[in-house]
Amino acid sequence: MGSFKQGACNRKGRVIFSATGVEPAAIYQYQWFPRWVISKLLNPCKKVSNQKGIKYSDWCFTGKITDNPKKDKICELCDKEGLRWEFEIKNDNNSETLIVGSSCIIKFSEIIVYDEHKNKIIDKNQRKAHLDNERKVYIRELSLKPLRILYITGKKHYRHRIKQSVDFLKEKNGFRSDHLLFLFKKMESLNIVYEPSFYPVYLGDEESRTQLEKIILFDKNALVLLFNSLTSAQRKRYNLFNTTQNND
Ligand SMILES: [Zn+2]
């Protein structure tokens, strides 16, 4: 079994070990280490070295976001576990990248965030709004991918309904409940994988609200399909609880 060599402390003063000469099998015997330590031992140590005296102003948000439903990554700046949305930052000097949570980009205000005109965003609230919007754009794109598959692989008469739904989404930032039900049922019938929580339900007018109310009252199976698309505020409004798993 290899031996651990004590290394430097990270920003929080916790001791980090170098992985020189340590076999993965040996590392797993150290079950009492937190998962983030084991992760860093098994991964290249370049990430660890970056935490020593990191100069945040050398780093910028690349615009790349990745959805990680498994939540098995840690933020490489603050070690927070269970990262769902991975934001990538890059060191302009050496092109090294780190995966971090959006809250760290907001918290470490020297990390550069550019707006669409390549201007640096300084204000904390504006940085948050920008990152939130980037995530929304990314989720929108993730939601459209399965619909494109449905458009290509589904029956030809689906196409008009799909286009109608997407046009409505672009105008209202949400789907009508009946549109969404149609899309979900057809995707399920063709085994197209989709994440219901990426498809917001529009309830901004009387007609949309009445549609959903009818589903709640008369079609429990449809409600199960739609449940994960409803926000917690929408569920609360209609007293909907525990119908199915919440993936928020
Ligand atoms: Zn963090």
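This report covers the fold, sheet, helix packing, cores and backbone outliers of one predicted model.

## Overall make-up

The model is predicted, not experimental. The protein chain carries 10 helices and 5 strands. It has 248 residues, and 20% of them count as buried. Contacts with a separation of 6 or more were also sorted by distance along the chain. Residues 24 or more positions apart account for 51% of those contacts.

## The three-stranded sheet

Three strands form an open sheet in the order β3-β4-β5, and their pairing is antiparallel. The edges are β3 (59-67) and β5 (97-100). Each has a single partner strand, so one side of each lacks a neighbour in the sheet. On average, neighbouring strands are turned by 30 degrees against each other, direction ignored. Helix α5 (residues 124-153) packs on this sheet and touches β3 and β4. The direction of α5 makes about 30 degrees with that of β3.

The pairing can be read residue by residue. Strand β4 spans residues 85-91 and is joined to β3 by 6 bridges. Asp-67 has Trp-85 in β4 as its bridge partner. Thr-66 is bridged to Glu-86, also in β4. On the β5 side, 4 bridges join β4 to β5, again antiparallel. There, Lys-90 stands opposite Thr-97, and Phe-87 has Val-100 as its bridge partner. In general, strands of a sheet pair through backbone hydrogen bonds, either parallel or antiparallel.

## Edge strand β5 and its hairpin

The two faces of β5 are not alike: one is covered and the other is uncovered. Leu-98 and Val-100 make up the covered face. Thr-97 and Ile-99 make up the uncovered one. Val-100 on the covered face is the residue bridged to Phe-87. Thr-97 on the uncovered face is the residue opposite Lys-90.

The hairpin of β4 and β5 has 5 residues between the strands. Within it, Ser-95 takes a positive phi near 65 degrees. Glu-96 lies in the loop between β4 and β5. Glu-96 has 15 C-beta neighbours inside 10 Å, so it counts as partly exposed. Glu-96 and Trp-59 are 37 residues apart along the chain, yet their C-alpha atoms are separated by 9.1 Å.

## Helix α7 against helix α9

Helix α7 covers residues 177-189 and helix α9 covers residues 220-227. Their axes come within 10 Å and cross at roughly 85 degrees. That angle makes α7 roughly perpendicular to α9. The α7 side of the contact comprises Ser-177, Leu-180, Leu-181 and Phe-184. The α9 side comprises Ala-222, Leu-225 and Leu-226. By class, this contact has 6 nonpolar residues, 1 polar residue and no charged ones.

## Nonpolar cores

The largest nonpolar core has 16 residues. Those with the most contacts inside it are Phe-175, Leu-180, Leu-181, Leu-183, Phe-184, Leu-226 and Phe-227. Helices α5, α7 and α9 each supply at least two residues of this core. The largest share, 4 residues, comes from α7. Leu-180, Leu-181 and Phe-184 thus appear twice, because they have many contacts in this core and also meet α9 from α7.

A second, separate core has 14 residues. Its members include Trp-59, Phe-61, Ile-74 and Leu-77.

## Positive phi values

Most residues other than glycine have a negative phi. Two further exceptions sit outside the β4-β5 hairpin. Asp-79 has a phi near 70 degrees, and it is found in the loop between β3 and β4. Asp-79 counts as partly exposed because it has 18 C-beta neighbours inside 10 Å.

Asn-239 has a phi near 55 degrees. It lies in the segment after α10 (232-237). Asn-239 is exposed, with 7 other C-beta atoms within 10 Å; the cut-off for exposed is 12 or fewer.

Conventions: Residues are numbered from 1 along each chain as its sequence is written. This is a predicted model: local features need pLDDT of at least 70, side-chain atom pairs count only at pLDDT 80 or more; totals for chains, interfaces and linings use all residues. Axes are lines fitted to C-alpha atoms, for helices over the stretch in contact, and angles run from 0 to 180 degrees between N-to-C directions. Angles under 35 degrees count as roughly parallel, over 145 as roughly antiparallel, 65 to 115 as roughly perpendicular and the rest as oblique. Two residues are in contact if their C-beta atoms, placed from the backbone, lie within 7 Å. Ala, Val, Leu, Ile, Met, Phe, Trp, Tyr, Cys and Pro count as nonpolar, Asp, Glu, Lys and Arg as charged, and the others, Gly among them, as polar. Two strands pair if DSSP finds at least two bridges between them. A nonpolar core is a set of buried Ala, Val, Leu, Ile, Met, Phe, Trp, Tyr and Cys residues joined through C-beta atoms within 7 Å.
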